[in-house]
Amino acid sequence: MRILRQSFRCFMIELRQRLAEYQTWTLFLILCILLYQYTQETMSFANTVGYKVAPWFLPFITSTRMLKVFVLTLYIPFVCTVPRITIIHDYIIIRSKHLPYYLGQCLYIVFTAIVYSFLVMFLPIILNLTHMEWNADWGKVIGTLSEPNLSVLNLETLHYSSSIVKHFTPLQAMFHSYCLMALSLLLIGLLVYIFNMITPKFHAGILVGTFFILFDFFLATDIVYARWLWFSPLSWSKLSIIDFKHTTRNPTFTYCYRFCIIGIILSLVILYALQLFKIKTKGGEEE
């Protein structure tokens, strides 16, 4: 229990420091501008036809290629410097010991993945609140824009996939998009943490995060062989590629969730082993 209390204290210190940085609020502002810009064409169409929009944007945000790249890229700065080693962090480690500090960093990554996915889901709704219509179905605007002959496919707006509208209810689509996005971001964040611990002076974790973002982008452009989709967790929040009917060779929901959960558990085990090794090599002892 003592380690858990110390870990939570380290997490809160890290969170307060991040929230006090200009970089955090700059990234938040960029995310707001980005999501607002990408939803404006939809709002203009809604005004033209005289209907309001149902607030189910997330499945289509994760289906829009360039927007998804921008959103994922904005996430990387939040985790690319974990664990941060400064004079302040050295002092925290001395006070709380190594293991609670690094567990606190893991809590920070979990919190960041959950909250960032939450923001991507709700910011488009909040920023366009006057245009929203709270329906249990997709609504007339999304339903119309998802029609194959009317679907908007350019890079300046959302791509409303007819496959998602046809095969999922709004709540199902939002649930799976959010969960798969949060789990994949958490997994990538932990992998970044692992590589940063292995190369503390170089912070190679940022290269790992960048690799997975580019890998997802190249899969979407058919540059990478489609069977590699099975190893691209950032791609799975795009529901139209999931084999929910078991009729294609694409990953199923069961596979995606199991892969992410097992990957997260293995990453935590590796981080724990790396930390014990680091303590042992420094001759430290954890109480």
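Buried means under 20% relative accessible area, exposed means over 50%, and partly exposed lies in between, with a 1.4 Å probe and protein chains only. The figures show a predicted model, in which local features need pLDDT of at least 70, side-chain atom pairs count only at pLDDT 80 or more, and totals for chains, interfaces and linings use all residues. Residues are numbered from 1 along each chain as its sequence is written, and side-chain values use heavy atoms, with hydrogens and water left out.

**Figure 1. Overview of the protein, which has 11 helices and 0 strands.**
Helices (H or I, at least four residues) and strands (E, at least two) are DSSP runs, numbered from the N terminus. Along the sequence the pattern reads α-α-α-α-α-α-α-α-α-α-α. The protein has 287 residues, and 50% of them are buried. A contact means heavy atoms within 4.5 Å. Of the contacts with a separation of 6 or more, 76% are between residues 24 or more positions apart. The protein exposes about 14,900 Å², of which carbon and sulfur atoms supply 69%; accessible areas come from the Shrake-Rupley method with a 1.4 Å probe, and for residues only the protein chains shown count as cover.

**Figure 2. Close-up of S267 in helix α11 (residues 253-281).**
S267 counts as buried because its relative accessibility is 3%. Its side chain reaches the backbone oxygen of G263 at 2.8 Å. This is a polar contact, a pair of N or O atoms within 3.5 Å; within protein, one must be able to donate a hydrogen and the other to accept it, and residues adjacent in sequence count only if both atoms are side-chain atoms. Not counting residues up to four places away in sequence, S267 touches L187, L190, L191 and I194.

**Figure 3. Helix α9 (residues 170-198) and the largest nonpolar core.**
A nonpolar core is a set of buried Ala, Val, Leu, Ile, Met, Phe, Trp, Tyr and Cys residues joined through side-chain atoms within 4.5 Å. The largest one has 85 residues, and F57, V71, I109 and Y116 touch the most other members. Helix α9 gives the largest share of this core, 17 residues. In soluble globular proteins, nonpolar side chains tend to be buried together. Of the 29 residues in α9, 23 are buried, so the helix is mostly covered. From first C-alpha to last, α9 reaches 42 Å, close to the 42 Å expected at 1.5 Å a residue; the expected span is 1.5 Å times one less than the number of residues in the helix. Setting aside residues up to four places away in sequence, F57 touches T39, M43, P124, I125, M132, L158, Y160 and M174.

**Figure 4. Close-up of V208 in helix α10 (residues 205-220).**
V208 has a relative accessibility of 12% and therefore counts as buried. V208 and V192 are 16 residues apart in sequence, and their C-alpha atoms are 6.2 Å apart in space. Apart from its neighbours within four places in sequence, V208 is in contact with L191 and F195.

**Figure 5. Close-up of S117 in helix α6 (residues 98-127).**
S117 counts as buried because its relative accessibility is 0%. Leaving aside neighbours within four places in sequence, S117 is in contact with Y178, M181, A182 and L185.

**Figure 6. Aromatic pairs, with F8 and F11 of helix α1 (residues 2-19) as one example.**
Rings of Phe, Tyr and Trp (its six-membered ring) pair if their centres lie within 6.5 Å; planes under 30 degrees apart count as stacked, over 60 as edge-to-face and the rest as tilted. By this rule there are 20 aromatic pairs. F8 and F11 form a tilted pair, 5.8 Å centre to centre with 50 degrees between the planes. Both residues lie in α1, 3 residues apart, about one turn of the helix. F8 is partly exposed at 48% relative accessible area, whereas F11 is buried at 7%. W228 and F231 have ring centres 5.8 Å apart and planes at 55 degrees, so this pair is tilted. W228 counts as partly exposed at 46% relative accessibility, and F231 counts as partly exposed at 45%. One aromatic cluster is formed by F168, F244, F253 and Y257.

**Figure 7. Helix α1 along its length, with 18 residues.**
At 1.5 Å a residue α1 should span 26 Å, and its end C-alpha atoms are 26 Å apart, which agrees. Its buried residues are Q6, S7, C10, F11, E14, L15, Q17 and R18.
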